[in-house]
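User: I should like a close look at one part of this model, the surroundings of its ligand, followed by an account of the elements around which the chain is built.

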Amino acid sequence: MATLEIRDLHVSVGAGTDGSKEILRGVNLTVKAGETHAIMGPNGSGKSTLAYAIAGHPKYTVTGGTVTLDGEDVLEMSVDERARAGLFLAMQYPVEVPGVSVSNFLRSAITAVRGEAPKLRDFSKEMKAAMDALSIDPAFAQRSLNEGFSGGEKKRHEILQLELLKPKIAVLDETDSGLDVDALKVVSEGVNRFSAQGETGVLLITHYTRILRYVKPDFVHVFAGGKIVAEGGPELADVLENEGYEKYVKAGA
Ligand code: ADP
Ligand code: MG
Ligand code: MG
């Protein structure tokens, strides 16, 4: 069973040793296939930094600790290798790529992950089946990537990628702020679907507790000051909704 293990992870942002600042200050987290973990915390606490560090974004420098997927050193892998190993990162702010259709993008993504391009006819079938399963309008495949996408459409695209790429571990960085109820439901249904299949571990990063009305995480981790300061089951999300992050911010300082 797939396991992502993060041990004592320290991450700085910025190019050099001077002028860079340490954002993550010793993160410990284990995510297994079939589990849904929610990371919650105030703005600026380093949640997205964790996602970018796992994904291998060049701006984020790991200064200590380890990240492994089934025992393999993720930090030694290129971004492409991470995707091939079964890591998926949905970005908070997806880029618009005019002229590249959703369908083209998905075929490239599958090619990158599998190491070879699927035959066009096979791919079309696969994509159609995934879109049917997610009740996505077939016309969506011909849209320009992210161009004019509503919040709900961005999320549909995200979940469609999950359905086709079937990652071992999916990291979904959700601000929630831009998400209407439609978008929230798409993400939630997608997450619940993947969780139920038992083959993907989901790390759902979120600021607001709202999404957790639709997704029941197995574990909730409170993030403050670049590390996890409290952990619990789904009931912790309710506590956070009622009490906010204030007392945890002090604990993380
Ligand atoms: P969160 O997702 O919890 O809101 P972030 O990981 O985005 O937090 O940011 C944590 C801290 O790191 C913030 O103080 C932010 O300003 C800083 N930071 C994040 N990314 C960068 C970057 N690329 N350049 C400079 N500072 C950054
Ligand atoms: Mg963020
Ligand atoms: Mg589950």
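Which helix contributes the largest share of the shell around ligand 1?

Analyst: The model is a predicted one, and the answer is helix H1, which spans residues 47-55 and supplies three residues, the largest share of the shell around ligand 1. The full set of residues surrounding ligand 1 consists of Val13, Ile23, Gly41, Asn43, Gly44, Ser45, Gly46, Lys47, Ser48, Thr49 and Lys59. Classified by side chain, the shell around ligand 1 holds seven polar residues, two charged residues and two nonpolar residues. The nonpolar class is represented by Val13 and Ile23, and the charged class by Lys47 and Lys59.

As for confidence, the chain has an average pLDDT of 89, and 92% of the residues score at least 70. For the complex, the predictor reports an ipTM of 0.94 and a pTM of 0.91.

The sheet may be considered next. It is an open sheet of six strands with mixed pairing, and the strand order is E6-E9-E10-E3-E11-E12. Its edges are formed by strand E6 (87-90) and strand E12 (227-232), each of which pairs on one side only. From one strand to the next, the twist averages 20 degrees. Within this sheet, strand E3 (residues 36-40) pairs with strand E10 (residues 201-206) in the parallel sense, and five bridges join the two. One residue pair can be named here: His37 has Leu203 of E10 as its bridge partner. In general, the strands of a sheet pair through backbone hydrogen bonds, either parallel or antiparallel.

The helix packing centres, for this description, on H5. In general, two packed helices are described by the angle between their axes and the distance between the axes. Helix H3 (residues 102-114) and helix H5 (residues 151-165) have axes that come within 10 Å and cross at roughly 40 degrees. H3 is therefore oblique to H5, as angles under 35 degrees would be needed for a roughly parallel arrangement. The crossing of H3 and H5 is right-handed.

Helix H4 (residues 120-133) also packs with H5, at an angle of about 125 degrees and with the axes 10 Å apart. H4 is therefore likewise oblique to H5, because a roughly perpendicular arrangement covers 65 to 115 degrees and a roughly antiparallel one requires an angle over 145. The crossing of H4 and H5 is right-handed.

Note on methods
Residues are numbered from 1 along each chain as its sequence is written. Chains are lettered from A and ligands numbered from 1 in the order in which they are written. This is a predicted model: local features need pLDDT of at least 70, side-chain atom pairs count only at pLDDT 80 or more; totals for chains, interfaces and linings use all residues. A residue is near a molecule or strand if its C-beta atom, placed from the backbone, lies within 6 Å of it. Helices (H or I, at least four residues) and strands (E, at least two) are DSSP runs, numbered from the N terminus. Two strands pair if DSSP finds at least two bridges between them. Axes are lines fitted to C-alpha atoms, for helices over the stretch in contact, and angles run from 0 to 180 degrees between N-to-C directions. pLDDT is the predictor's confidence in each residue, from 0 to 100. A crossing is left-handed if the near helix is turned anticlockwise from the far one by less than a right angle, and right-handed if clockwise.
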